[in-house]
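Grab a pencil and work through these exercises with the model open beside you. Each task comes with a solution that goes step by step.

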Amino acid sequence: METRYQTPHLKTEIPGPKAKAILEKDSLFVSPSYTRDFPLVVEQGRGCWVEDVDGNTFLDMASGIAVCATGHCHPAILSAIKEQSEKLIHMSGTDFYYPAQSQLAERLSQRLPGAGGGKVFFSNSGAESVECALKLARHRTKRSSLISFFGAFHGRTMGALSLTASKTVQKEGFGPLVPGIHHATYGNLDSVEKLLKHVLPENELAAILVEAIQGEGGYRPAPEGFLQGLREICDRSGALLILDEIQSGMGRTGRFFAFEEDGVIPDIVTMAKGIASGLPLGACIAQPGIMEWPPGSHASTFGGNPVACAASLATLDLLDAGLMQNAVDMGDRLRSQLEEACLDQKAVVEVRGRGLMQAVEMDTAEQRNDVVMRCFDKGLVILGCGPKSLRFCPALVVDPVEIDCAVRIFAEALTETLR
Ligand SMILES: Cc1ncc(COP(=O)(O)O)c(C=O)c1O
């Protein structure tokens with residue numbers, strides 16, 4: 001498969017014959033709880049392009065839900081994976097040591113703004129990174145309550161699910177959830193103060209968990225002063241400030257962490273998704289003096305596996321070698337073109353986001369769904385987010401031709417759908 005194409009190429013109906021057979025098998029044997037919107041059965045991927053099992057080529061502006069930060073199968077990631085897996089695939093960092101884990105911990109710790117010397121716990125996913133942050137905050141403060149925000153998605157394990165306040169279907173039938181968790185309105189400091197005045201004693205607050213840009217919530221950047229205000233509330237009450245950078249981190253917004261734009265220094269940061277360019281890895285990074293828990297208190301058999309750590313180290317090298325700057329440049333290009341495409345479209349409420357994390361909000365969920373499906377029919381993969389927005393979160397290797405192609409197809413879909 002090529003690394004770059006000019007335009008998508010669909011040569012069968014979608015799904016094609018081979019895809020149909022796989023969808024059939026999937027429906028028999030795979031959990032129906034997944035939210036698959038498209039009949040896209042992928043065989044291979046390169047850069048921002050994926051090819052399905054019937055040989056159709058799609059332009060992928062979703063990058064495995066913001067995971068394939070360096071694009072599909074970047075050669076540097078492939079060689080890092082190959083080199084590490086020829087030496088050692090697994091040993092368990094819970095019981096033993098290997099070089100890649102401490103090397104990666106050092107690199108991530110160096111990225112955390114603050115005094116330096118922070119420590120890192122490795123997990124396999126976003127939910128587990130959030131789970132770690134929740135446990136760490138309770139352990140460190142000896143307090144039990146947390147505040148997170150309506151619209152936020154933090155994962156689906158019981159702790160992370162309790163912090164999530166996205167869609168009720170994610171919670172229905174799973175209660176009782178973890179106690180002590182309260183939700184406030186994103187972007188509204190008064191709603192936090194109200195909780196602390198009427199519901200939740202300040203001296204019982206362990207942590208506030210927040211995203212600098214709500215991801216699944218609709219690519220909504222925190223309003224100016226919001227994160228600083230939360231920092232002040234945490235300082236006043238002795239609680240910890242946790243920034244969930246699982247979707248917005250790893251250079252996606254043009255900064256390593258999206259919260260850097262707000263000039264705030266968190267106590268704990270969670271990462272996953274793009275951290276290892278597609279291999280399962282998560283991290284919870286804490287400022288010095290916070291991750292002071294005894295051996296046995298928290299661990300994971302697979303977390304920080306050598307191959308995933310090697311892929312992550314190679315990803316960091318690529319970010320330093322120019323991908324972060326590309327996220328800024330291509331983010332600007334994407335944003336201005338989306339704004340232009342939406343200029344006279346009455347059904348578009350707003351274009352928003354930062355860097356390569358851009359969303360278009362429509363008037364209704366139906367319009368959003370129609371536009372996303374029409375884009376798919378034309379070979380462009382984008383995803384919905386929030387109640388009625390759609391998102392572009394391409395790999396950080398995306399180039400001008402790919403941005404122009406994506407927005408051209410999106411503009412066509414928009415005009416045809418809203419006609
Ligand atoms: C901000 C944020 N936190 C946590 C998660 C959960 O990550 P995972 O699906 O890897 O458990 C997600 C996933 O979308 C996310 O966007």
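**Exercise 1. Contacts and overall build**

Task: For contacts in the protein chain between residues at least 6 apart in sequence, work out what share joins residues at least 24 apart. Then check the chain against the rule for a compact globule.

Solution: Keep in mind that this is a predicted model.
- Step 1: take the contacts between residues at least 6 apart in sequence; 73% of them link residues at least 24 apart.
- Step 2: list the secondary structure, which comes to eleven helices and 17 strands.
- Step 3: for 419 residues, a compact globule would have a radius of gyration near 22 Å, and the protein chain comes out at 21 Å, so the two agree.
- Step 4: lay the C-alpha trace along its principal axes, and you get about 60 × 55 × 45 Å.
- Step 5: count burial; buried residues account for 50% of the 419.

**Exercise 2. Two helices, each with a buried side**

Task: Decide where the buried residues of α3 sit around its axis, and do likewise for α10.

Solution, starting with α3:
- Step 1: check the length. Helix α3 runs over residues 75–87, and its 13 residues should span 18 Å at 1.5 Å a residue; the end C-alpha atoms are 19 Å apart, which agrees.
- Step 2: pick out the buried residues of α3, namely Ile77, Ala80, Ile81 and Gln84. They take up an arc of only 95° around the axis, so they are on the same side of α3.
- Step 3: look at the face turned away from that buried side; it carries the exposed residues Pro75, Ser79, Lys82, Glu83 and Glu86.
- Step 4: find the partners. The buried residues of α3 pack against α4 (99–111) and α9 (306–342).

Now for α10:
- Step 1: Helix α10 (residues 365–377) also gets a length check: 13 residues, 18 Å from first C-alpha to last, close to the 18 Å expected at 1.5 Å a residue.
- Step 2: the buried residues of α10 are Arg368, Val371, Val372, Cys375 and Phe376. Viewed down the axis, they fall within an arc of 140°, so they line one face of the helix.
- Step 3: those buried residues pack against the strands β14 (357–362), β15 (380–381), β16 (383–385) and β17 (389–392), and against helix α11 (400–418).
- Step 4: step just past the end of α10 and you meet Gly379, with a positive phi of about 95°.

**Exercise 3. The surroundings of Trp49**

Task: Is Trp49 buried or exposed, and which residues does Trp49 touch?

Solution:
- Step 1: place the residue; Trp49 belongs to strand β2 (residues 49–52).
- Step 2: count neighbours. Trp49 has 24 C-beta neighbours inside 10 Å, so it counts as buried; the cut-off is 20 or more.
- Step 3: leave out residues up to four places away in sequence, and Trp49 touches Tyr5, Thr57, Phe58, Leu59 and Asp60.
- Step 4: compare sequence and space. Glu2 and Trp49 are 47 residues apart along the chain, yet their C-alpha atoms are 8.5 Å apart.

**Exercise 4. Backbone oddities**

Task: Which peptide bonds before Pro15 and Pro176 are cis, and where do Tyr219 and Met250 lie?

Solution:
- Step 1: recall the background. Most residues other than glycine have a negative phi, and most peptide bonds are trans.
- Step 2: check the prolines. The bond from Ile14 to Pro15 is cis, with omega near 0°, and Pro15 is in the segment before α1 (17–29). Gly175 and Pro176 are also joined by a cis bond, with omega about 0°; Pro176 is in the loop between α6 (158–163) and β6 (181–184).
- Step 3: turn to Tyr219, which is not a glycine but has a positive phi of about 55°. Tyr219 sits in the loop between β8 (213–214) and β9 (220–221), and is buried, with 26 other C-beta atoms within 10 Å.
- Step 4: Met250, again not a glycine, has a positive phi of about 60°. Its loop runs between β10 (240–244) and β11 (268–271), and Met250 is buried, with 31 other C-beta atoms within 10 Å.

**Exercise 5. The shell around the ligand**

Task: Which residues come nearest to the ligand, and which helix gives the most to the shell?

Solution:
- Step 1: of the 14 residues around the ligand, the nearest are Gly126, Ala127, Gly155, Ile246 and Gln247.
- Step 2: the helix that gives the most is α5 (residues 126–141), with three residues.
- Step 3: sort the shell by type, and you get five nonpolar, six polar and three charged residues.

Technical notes:
Residues numbered from 1 in each chain as written. Predicted model: local features only at pLDDT ≥ 70, side-chain atom pairs only at ≥ 80, totals over all residues. Near = placed C-beta within 6 Å. Helix = DSSP H or I, 4+ residues; strand = E, 2+ residues; numbered from the N terminus. Nonpolar A, V, L, I, M, F, W, Y, C, P; charged D, E, K, R; others polar. Expected span 1.5 Å × (residues − 1). Buried ≥ 20, exposed ≤ 12 C-beta atoms within 10 Å, placed from the backbone. Arc of directions from axis to C-beta. Contact = placed C-beta atoms within 7 Å. Rg over C-alpha atoms; globule rule 2.2 N^0.38 Å.
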